[in-house]
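Subject: Structure handover

Hi,

Here is the structure we spoke about. Please open it alongside this note. What turned up in it follows below.

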Amino acid sequence: MESPQLHCILNSNSVACSFAVGAGFLAFLSCLAFLFLDTQETRIAGTRFKTAFQLLDFILADIPGLPGIPGPPK
């Protein structure tokens with residue numbers, strides 16, 4: 001019979017599970033931020049901010065090591 005409580009599968013280490021949940025939440029928020037900034041890209045007037053945003057977007061989009069998710073073509 002299964003317990004109704006959550007159980008961490010990462011060596012029963014609650015710190016590891018908390019880190020994984022926190023990292024996933026931050027990744028989700030950054031995806032939302034980049035999605036919003038992509039929709040507003042034509043309205044961004046500051047060239048320094050626009051260049052920095054695009055550079056950060058390209059860098060984060062090309063992070064290797066994500067299994068099953070191909071990166072942009074080189």
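The chain has two helices and zero strands. Please keep in mind that this is a predicted model.

Start with the annotation. An unreviewed UniProt entry places a "transmembrane region" at residues 12-37. In the model, that span is 92% helix and 0% strand. The C-alpha atoms at its ends lie 38 Å apart.

Next, the aromatic rings. The structure holds one aromatic pair. The partners are Phe34 and Phe53, with ring centres 5.7 Å apart and planes at 25°. Planes under 30 degrees apart count as stacked, so this pair is stacked. The contact links distant parts of the chain, with the two residues 19 apart. Phe34 sits in helix 1 (residues 14-39), and Phe53 sits in helix 2 (residues 47-61). Phe34 and Phe53 are both buried. Across the chain, buried residues make up 7% of the 74 residues.

Now the surface. The exposed area of the chain is about 6,800 Å². Carbon and sulfur atoms supply 69% of that area. There is a nonpolar surface patch of about 620 Å². Its members are Phe25, Leu26, Phe28, Leu29, Leu32 and Leu35.

Which class does Leu32 fall into: buried, partly exposed or exposed? Its relative accessible area is 41%. Buried means under 20% and exposed means over 50%, so Leu32 is partly exposed. Leu32 belongs to helix 1.

Best wishes

Terms used:
Residues are numbered from 1 along each chain as its sequence is written. This is a predicted model: local features need pLDDT of at least 70, side-chain atom pairs count only at pLDDT 80 or more; totals for chains, interfaces and linings use all residues. Side-chain values use heavy atoms; hydrogens and water are left out. UniProt positions are given in the numbering used here, feature names are shortened, and annotations may be inferred rather than shown by experiment. Helices (H or I, at least four residues) and strands (E, at least two) are DSSP runs, numbered from the N terminus. Rings of Phe, Tyr and Trp (its six-membered ring) pair if their centres lie within 6.5 Å; planes under 30 degrees apart count as stacked, over 60 as edge-to-face and the rest as tilted. Buried means under 20% relative accessible area, exposed over 50%, partly exposed in between (1.4 Å probe, protein chains only). Accessible areas come from the Shrake-Rupley method with a 1.4 Å probe; for residues, only the protein chains shown count as cover. Patches are made of residues with over 30% relative accessible area and no salt bridge: like charges are joined within 9 Å, nonpolar side chains (Val, Leu, Ile, Met, Phe, Trp, Tyr) within 5 Å. A salt bridge is a side-chain nitrogen of Lys or Arg within 4 Å of a carboxyl oxygen of Asp or Glu.
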